[in-house]
Amino acid sequence: MLRFTVVTIFPQMLDSALGHSILHKAREKGLIEIDMVDLRNYTTDRHRTTDDSPYGGGQGMVMKPEPLVTAIEDIRGKTGGARVILLTPRGRVLSQQDAHRLAQEKELVLICGRYEGIDERVGAFVDEEISIGDYTLSGGEPAAHVIIDAVSRLIPGVLGNEDSAADESFVDGLLEYPQYTRPEDFRGMKVPQVLISGDHQRIESWRREKSVEITRERRPDLLAGASFSTAEKVRATEIKSSVYVALLHYPVYDKNGQIVTTAVTNMDIHDIARSGCTYGLSGFFVVTPVKALQKLALKIIEHWEVGYGSEYNATRKEALALVRICDTLDDAIIVIERETGFKPTLIATSARATGNRTSFEALRDMVKKEARPILILFGTGWGLTETILLQSEFVLEAIAGRKGYNHLSVRSAAAIILDRLLRK
């Protein structure tokens, strides 16, 4: 059993938080014990004073050393070897490794500060100082609750499923993978197919990959301390992002600067799909709101996927399998978010002179390091509208040839850009 002793001027403050769910059951089973000690019981004046004004002046009050040190010495005398922890913003930030270490103790004493802080001399009577994050609380009581919860769940028998504690965020230095439950389809957002495949090896691999991706995206600082297999270290030098492209037929400009919808062409679909397949794209979106043009694009694709073309040229079938048809750019973004769990980074392309541009080198580096998917936008007609450029997070530098001519077809530009970004 692990006994927690919380020293506080508000001993009833945590009654509700510690009296429910897992901690309540753990106490009932005798796996943990939590004692609340009123610091005011260790004062000697009739007003039961625990704080005073700071030497040197300044705002607020400082907790006095006498009651705190007297409480620490009394508790140590009764327990014979308790580890005393001062909860303070100046302490080392609590980690999962700290929780594992503290779970091996028999007695933990948590000192809750208040006001502007605690007299510096109290530090000579504690074993360590711990913080739960880089922010300010009104007192140490919420931090005490966090430590009790984080440590208790690591004690055998506290959790109903012993594997739960070994399969959570931070256990192996990474954030946890995405979780799903019923229904399989919620408002058009579907559970990833791999999770309902029944293939446990694939599921385990998917979860690990997602865990690494999410950590790289949200807490890259954790990666330095995480454990990786040899294969994962090799993959660390490879491309991380899922890369998609979208060919917009609306909204785009015509030669007079008017916003128009352009026609879908057989050659654009074929050639960009073949370039995309060559360089490992995750998908190629043809964006047009015109139903007749969507029908034409689908007819082209079906000819090569299920019609005569699928037998005549199997490699063309493989390339055109990348193509998706959608009404708007927002539709493409939603599809990518459902597939990957992240909204894509939008990269616009334009031959027109615009403001800040991202270099090919910088984007290639982003593709290698970022976990978020990337969606590269190509415009038809006379290029993407200003609205699309403003919606994008980056605008890629224009392709520069040996002369000033910059009127490449969109399929040629797509092939050049994919080669510069994704070649080995």
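Colleague: Ser21 is found in helix H2, which covers residues 21–28. Why does Ser21 count as exposed?

Modeller: Good place to start, and keep in mind that this is a predicted model. The relative accessibility of Ser21 is 55%. Exposed means over 50%, so Ser21 earns the word.

Colleague: What is notable about the phi of Ser21?

Modeller: Its phi is near 55°, a positive value, and Ser21 is not a glycine. Most residues other than glycine have a negative phi. Arg48 also has a positive phi, of about 55°, without being a glycine. You can find Arg48 in the loop between strands S2 and S3.

Colleague: Why is Arg48 called partly exposed?

Modeller: Its relative accessible area is 33%. Buried would need under 20%, and exposed would need over 50%. The value falls in between, so Arg48 is partly exposed.

Colleague: And what makes Ile34 buried?

Modeller: Ile34 has a relative accessible area of 7%. The limit for buried is under 20%, so Ile34 qualifies. Ile34 lies in strand S2, residues 32–38. Leaving aside neighbours within four places in sequence, Ile34 is in contact with Phe4, Leu18, Arg27 and Ile148. Ile34 and Thr5 are 29 residues apart in sequence, yet their C-alpha atoms are 5.9 Å apart in space.

Colleague: How do you know that strand S1 is largely enclosed by the rest of the structure?

Modeller: Strand S1 covers residues 2–8, and six of its seven residues are buried; therefore it is largely enclosed.

Colleague: What makes S1 and S2 a pair of strands?

Modeller: Pairing requires at least two bridges. S1 and S2 are joined by seven, and they run parallel, so the requirement is met. Arg3 stands opposite Glu33 in S2, and Thr8 stands opposite Asp38 in S2. S1 is also joined to strand S6 by five bridges, again running parallel. There, Thr5 has Val109 as its bridge partner.

Colleague: Which strands form the sheet around S1, and in what order?

Modeller: Five strands form an open sheet with parallel pairing, in the order S2-S1-S6-S5-S7. S2 and S7 are the edge strands, as each pairs on one side only. Helix H5, residues 141–152, packs on this sheet and touches S1, S2, S5, S6 and S7. The direction of H5 makes about 175° with that of S1.

Colleague: There is an open sheet of six strands too. Why are S14 and S17 said to stand at its edges?

Modeller: The order in that sheet is S14-S13-S10-S16-S15-S17, with parallel pairing. S14 and S17 each have a single partner strand, so one side of each is left without a neighbour in the sheet. S17 is joined to S15 by two bridges, and at least two are needed, so the two strands pair.

Colleague: What makes Tyr244 and Phe285 a tilted aromatic pair?

Modeller: Their ring centres are 6.0 Å apart, and the limit for a pair is 6.5 Å. The planes stand at 35°. Stacked needs under 30 degrees and edge-to-face over 60, so tilted is what remains. Both residues are buried. Tyr244 lies in strand S10 and Phe285 in strand S13, so the pair ties together parts that are 41 residues apart in sequence. A search of the whole structure finds one aromatic pair.

Colleague: How do you know that the charged end of Arg420 sits over the ring of Phe360?

Modeller: The charged end lies 4.8 Å from the ring centre, and the limit is 6 Å. A second condition asks for a position within 35 degrees of the ring normal. Arg420 is listed as sitting over the ring, so that condition is met as well.

Colleague: Which residues have the most contacts inside the largest nonpolar core?

Modeller: That core has 36 residues, and those with the most contacts inside it are Val245, Ile269, Phe284, Val323, Leu363, Ile376 and Phe378. Helix H15 gives the largest share, seven residues. Val323 touches Ile269, Ala273, Phe284, Val286 and Ile301, not counting residues up to four places away in sequence. Apart from this core lies another, of 28 residues, including Leu2 and Val6.

Colleague: One last thing: where does a cis peptide bond join Tyr to Pro?

Modeller: It joins Tyr250 and Pro251, with omega about -5°. Pro251 is found in the loop between S10 and strand S11. The peptide bond from Arg182 to Pro183 is cis too, with omega near 5°. Most peptide bonds are trans.

Note on methods. Residues numbered from 1 in each chain as written. Predicted model: local features only at pLDDT ≥ 70, side-chain atom pairs only at ≥ 80, totals over all residues. Heavy atoms only, no water. Helix = DSSP H or I, 4+ residues; strand = E, 2+ residues; numbered from the N terminus. Buried < 20%, exposed > 50% of the residue type's maximum accessible area, 1.4 Å probe, protein only. Core = buried A, V, L, I, M, F, W, Y, C linked by side-chain atoms within 4.5 Å. Contact = heavy atoms within 4.5 Å. Axes fitted to C-alpha atoms, helices over the stretch in contact; angles between N-to-C directions.
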